[in-house]
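Hi everyone, thanks for making time. I'd like to walk you through a chain that will be new to most of you, so have a look at it while I talk.

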Amino acid sequence: MTTETLVPVFAALGDETRWSILAALGEGDASASALAGRLPVTRQAVAKHLAVLQEVGLVEPVKVGREVRYRIVGAQLSATARRLDAVGAEWDRRLAAIKEIAEGL
């Protein structure tokens, strides 16, 4: 996962409503109407937020009969988490080096 693909994902996740939608979908697939019933936003707002999440690959629509439900794309979330873990590991390495230098003084 490159910086070019991470930036839009983080921008999408930076919105509180989209984060709430993603958290709700973590409990199970749901339609925009069902999500609107659980969140303090309109169905139209939920649909717009879902479109943003879909555009960055975090959710995908699944047709169930006449209803469209959305589900989380686990691979994209896992790739994002791995990238964050790599950044965290690099910071840990740098901090350990600074600590070693400071303790050696």
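Let me start with a question: in which helix is the place of Arg94? It's helix H5, which covers residues 74–104. Before I say more about that residue, please keep in mind that what you see is a predicted model.

Okay, the overall picture. We've got 5 helices and 3 strands here. If you read along the sequence, the order goes α-α-β-α-α-β-β-α. The radius of gyration is 18 Å, and the globule rule would give 13 Å for 105 residues, so this chain is more spread out than a compact globule. You can get a feel for that from the box that the C-alpha atoms fill, which is roughly 70 × 25 × 25 Å along the principal axes.

What about the inside and the outside? Of the 105 residues, 25% count as buried. The accessible surface comes to about 7000 Å², and carbon and sulfur atoms hold 57% of that. As for charges, there are 13 positive and 13 negative side chains, with the centres of the two sets 9 Å apart.

One more number for the whole chain. Take the contacts with a separation of 6 or more: 49% of them are between residues 24 or more positions apart.

Now back to Arg94. Is this residue buried or exposed? Well, partly exposed, because its relative accessibility is 42%. And here's a distance to look at on the screen: Arg94 and Val64 are 30 residues apart in sequence, while their C-alpha atoms are 49 Å apart in space.

Next up is Ile21, over in helix H2, residues 16–25. Its relative accessibility is 0%, so Ile21 counts as buried. Which residues does Ile21 touch, leaving aside those up to four places away in sequence? They are Leu35, Leu39, Val46, His49, Leu50 and Leu53. On the other hand, if you go 77 residues along the chain from Ile21 to Ile98, the two C-alpha atoms are separated by 40 Å.

The last stop is Ser31, which lies in strand E1, residues 30–31. With 8% relative accessibility, Ser31 is below the 20% cut-off, so that one counts as buried too. What does the side chain of Ser31 reach at 3.0 Å? That would be the backbone nitrogen of Ala34. Ser31 also touches Glu67, Val68 and Arg69, again without counting residues up to four places away.

So, to recap the three stops: Arg94 is partly exposed, Ile21 is buried, and Ser31 is buried. That's it from me, and I'm happy to turn the model around if anyone wants another view.

Terms used. Residues numbered from 1 in each chain as written. Predicted model: local features only at pLDDT ≥ 70, side-chain atom pairs only at ≥ 80, totals over all residues. Heavy atoms only, no water. Helix = DSSP H or I, 4+ residues; strand = E, 2+ residues; numbered from the N terminus. Rg over C-alpha atoms; globule rule 2.2 N^0.38 Å. Buried < 20%, exposed > 50% of the residue type's maximum accessible area, 1.4 Å probe, protein only. Contact = heavy atoms within 4.5 Å. Areas by Shrake-Rupley, 256 points an atom, 1.4 Å probe, with all protein chains shown as cover. Lys, Arg positive; Asp, Glu negative; His and termini not counted. Charge placed at Lys NZ, Arg CZ, Asp CG, Glu CD. Polar contact = N/O pair within 3.5 Å; in protein donor to acceptor, adjacent residues only side chain to side chain.
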